[in-house]
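Let's take a walk through a small protein model, going from the overall picture down to single side chains. Keep the structure open next to you as you read.

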Amino acid sequence: MKHFEKIFTQGTVDVVEIWVDTETGVNYLFHRCGNAGGLTPLLDKDGKPVITK
C-alpha cells in the first residue's frame, strides 16, 4: 500500500499538487517551479490540517 496518494495536479512547469497521507488522512500541498519545490500541510480557515477520511 502506498503511504501517499496524489489526488490533484495542475500545471507542467509550474506544478501544484495535493497529496494525502493514506495512514493519517492529512492533506499536503506541493508546489514545484522549475528545479525548486516545497511541501506543506494544507490548512483550513482555523489553521488546522485538512484531513481526508
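Of the 53 residues in the protein, buried ones make up 17%; "buried" means under 20% relative accessible area, "exposed" means over 50%, and "partly exposed" is in between (1.4 Å probe, protein chains only). Before we go on, a word of warning: this is a predicted model, where local features need pLDDT of at least 70 and side-chain atom pairs count only at pLDDT 80 or more, while totals for chains, interfaces and linings use all residues. Residues are numbered from 1 along each chain as its sequence is written, and side-chain values use heavy atoms, with hydrogens and water left out.

**The overall layout**

What does the protein contain in the way of helices and strands? There are 0 helices and 4 strands, so from the N terminus on you read β-β-β-β. Both kinds of element are DSSP runs numbered from the N terminus: helices are H or I with at least four residues, strands are E with at least two. Measured out along the principal axes, the C-alpha atoms fill a box of roughly 30 × 30 × 15 Å. 

Contacts (heavy atoms within 4.5 Å) can link residues that sit far from each other in sequence. Of the contacts in the protein with a separation of 6 or more, 13% are between residues 24 or more positions apart.

**The sheet**

The strands form an open sheet in the order E1-E2-E3-E4, with antiparallel pairing. Strand E1 (4–10) and strand E4 (36–41) stand at the edges with a single partner strand each, so one side of each has no neighbour in the sheet. From one strand to the next, the twist averages 20 degrees; the axes behind it are lines fitted to C-alpha atoms, and angles run from 0 to 180 degrees between N-to-C directions.

What holds such strands together? In general, strands of a sheet pair through backbone hydrogen bonds, either parallel or antiparallel. Here, two strands count as paired if DSSP finds at least two bridges between them. The table goes through the pairs.

| Strand pair | Bridges | Residues between the strands | Gly with positive phi |
|---|---|---|---|
| E1 and E2 | 6 bridges | 3 residues | Gly 11, about 95 degrees |
| E2 and E3 | 7 bridges | 5 residues | Gly 25, near 85 degrees |
| E3 and E4 | 6 bridges | 2 residues | Gly 34, near 65 degrees |

To find your place, E2 covers residues 14–21 and E3 covers residues 27–33. You can also look for single partners across the sheet. Between E1 and E2, Phe 8 has Ile 18 as its bridge partner, and Lys 6 stands opposite Trp 19. Further along, Glu 17 stands opposite Phe 30 in E3, and Arg 32 stands opposite Gly 37 in E4.

**A charged pair**

Side chains of opposite charge can pair when their charged atoms come close. How many salt bridges are there in this model? The count comes to 1 salt bridge, under a rule that asks for a side-chain nitrogen of Lys or Arg within 4 Å of a carboxyl oxygen of Asp or Glu. Lys 6 and Glu 17 form it, and their closest N and O atoms are 3.7 Å apart. The pair links distant parts of the chain, with Lys 6 in strand E1 and Glu 17 in strand E2, 11 residues apart. Are the two residues buried or partly exposed? Lys 6 is partly exposed, with a relative accessible area of 40%, whereas Glu 17 counts as buried at 7% relative accessibility.

**Asp 21, without a salt bridge**

Now look at Asp 21, which is found in strand E2. Asp 21 is buried, with a relative accessible area of 7%. Asp 21 has no salt bridge, and the nearest side chain of opposite charge, Lys 2, is 14 Å away. For this purpose Lys and Arg count as positive and Asp and Glu as negative, while His and the chain ends are not counted.

What does the side chain of Asp 21 make a polar contact with? Its partner is the side chain of His 3, at 3.3 Å. A polar contact is a pair of N or O atoms within 3.5 Å; within protein, one must be able to donate a hydrogen and the other to accept it, and residues adjacent in sequence count only if both atoms are side-chain atoms.

Leaving out residues up to four places away in sequence, Asp 21 touches His 3, Phe 4, Val 26 and Tyr 28. Finally, try finding Lys 53: Asp 21 and Lys 53 are 32 residues apart in sequence and 10 Å apart in space, C-alpha to C-alpha.
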